[in-house]
Amino acid sequence: MRIVFAASECVPFAKTGGLADVAGALPAKVVRLGHKVTVYLPLYSRVRSLLGEPSYALRSVTVPFRYYNRFAGIVDGGIRAGVQYYFVECPELFDRPELYGPAGGDYPDNAERFAFFCRAVLEATKILGVPDVFHVHDWQTGMIPVYLKTVYSADPVLSHAASVITIHNIAYQGAFPPVTTEDLLLPWEVFTMDRVEQFDCFNFLKGGSVFADMLTTVSRKYAEEIQTPEFGWGLEGVVSGRAARLRGILNGVDYDQWNPATDRLIAANYTPQDLTGKRACRRDLLTAFGLDQVADTTPVIGIVSRLASQKGFDLVSHLGEELIARDAAFAVLGTGEPAIEGFFRSWAERYPDRVSVRIRYDDALAHKIEAGADIFLMPSRYEPCGLNQIYSLKYGTVPVVHATGGLDDTIDEWNPSNRTGSGFKFAVYDPAALLGAIDRSLATFKNKIAWQILMRNGMEHNFSWETAAAEYVKVYEEAVELAGTPE
Ligand code: ADP
């Protein structure tokens, strides 16, 4: 099969979140399964500086808008790990310091920027190769399925292509004024409640989800959750209406980067068979966080996270005093919303011998926490997939998580009677339930034999991209088969 990935971010070129990791890792794994994969990305200024002097695959591709045409150059990014990369160049739209907008905000012309990208990709493939399947990601590329089923529905080559959309986080939808319909030269028939209209806005993610032949999201549980009002952010009706075509495929992780047996960023390497190195990692972590005085018998609870309301720290702040009453120390790394940063800073100031916080993005320190902590805390309100809990398993750092999305799919509750399970979960999102899960972890920590079994249970897990890639290929096959058939 031939597959075109269209994404707004992709490691190692441009990243703001987990989508970039997926777009970076999955294509090469699909190639290994015998398929041909091409990845298209916008040529952001940061990508331009990485690529150097551009070499053009196509000099000019025309993308029409209501009052004017725009033109894209298609830059050949070469082949890496068997994957062909192309970059869509349009300096006036993409030569900007950020991908989506300044400091968490949006550029005012994002509808035009990403619709342009989508249509330029479609036009480019007419010359460089139309695939069997377009695999698009999140709202930014949601217009590809829409264009395929409208503007290009009679195109001799593109009309045969299927499309798959992956929803990485349904909270981000790309909602714009109704006039976007006309600006993008789409027929007004698409601006209805069962197509792209959502609360009188033109909604990119809704359009992509309605028109794609198959839908995926990044865990089985999240696939269920986004069909409910609590997690669907208004799109639950669309998603549940297409449930027969929706699959939850857990992201893989990069064990070349995240493996305590080989990790160069940690004080000592260790394996499930020989855990001695983890003691050195714990000492190293405590030193890095100025917590040297913490006793060997006191468990260290680690946090590495964007400090966003999604991540559940309102529960932690609610429990501040209660947690200090426990025998535990906290090492926290993250940046994000000022209110959450403020809570962690003041918590650390009040209890400096028990809580230490580093407000920054620091990959090496993230590795130190994964390796050196005993327990990893991830109480996210919602979590489409989540990576840190999966890293934690591999490092023998026992996760305490809210049973949502990928957290629920990847962590099994410890069962002391038959000694199965890999962590501790709480089902109801409230402080008491979180405290219950933390208390179970602290009680189990006291039993050294049980704890070692629990650590090893987690370390044996393997969430590889190979497994995920095989599942995606099945979805591509289904999309090809189903393209154009009524549901
Ligand atoms: P999300 O994509 O919602 O941020 P994930 O758990 O899927 O959450 O992925 C987060 C990734 O970002 C992980 O690789 C994690 O190690 C990294 N990360 C987040 N915050 C920091 C930080 N302050 N310093 C270093 N790495 C961080």
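**Exercise 1.** How far does a polar side-chain atom of N388 lie from an oxygen atom of the ligand?

*Solution.* Keep in mind that this is a predicted model. Go to N388 and pick its polar side-chain atom: an oxygen atom of the ligand sits 3.1 Å away. Next, try R306, where a polar side-chain atom is 2.7 Å from an oxygen atom of the ligand. Then switch to the backbone: a polar backbone atom of R360 lies 2.8 Å from a nitrogen atom of the ligand. Finally, check the cover: the ligand taken alone exposes 560 Å², and the protein buries 90% of that.

**Exercise 2.** Work out how many residues surround the ligand and which elements supply them.

*Solution.* Start with the count: 18 residues surround the ligand, and the closest are R306, K311, R360, D362 and L387. Now sort the shell by class, and you get seven nonpolar, five polar and six charged residues. Then go by element: β13 (300–307), β14 (329–336), α15 (363–372) and α16 (388–394) are the ones that give two or more residues to the shell. β13 provides the largest share, with three residues.

**Exercise 3.** Describe how helix α11 (residues 277–288) and α15 cross.

*Solution.* What do we need? Two packed helices are described by the angle between their axes and the distance between the axes. For α11 and α15, the axes come within 8 Å and cross at roughly 130°. An angle between 115 and 145 degrees counts as oblique, so α11 and α15 are oblique to each other. Last step, the hand: α11 passes α15 in a left-handed crossing.

Methods. Residues numbered from 1 in each chain as written. Predicted model: local features only at pLDDT ≥ 70, side-chain atom pairs only at ≥ 80, totals over all residues. Heavy atoms only, no water. Near = heavy atom within 4 Å. Polar contact = N/O pair within 3.5 Å; in protein donor to acceptor, adjacent residues only side chain to side chain. Areas by Shrake-Rupley, 256 points an atom, 1.4 Å probe, with all protein chains shown as cover. Helix = DSSP H or I, 4+ residues; strand = E, 2+ residues; numbered from the N terminus. Nonpolar A, V, L, I, M, F, W, Y, C, P; charged D, E, K, R; others polar. Axes fitted to C-alpha atoms, helices over the stretch in contact; angles between N-to-C directions. Parallel < 35°, antiparallel > 145°, perpendicular 65-115°, else oblique. Left-handed = near helix turned anticlockwise from the far one by under 90°.
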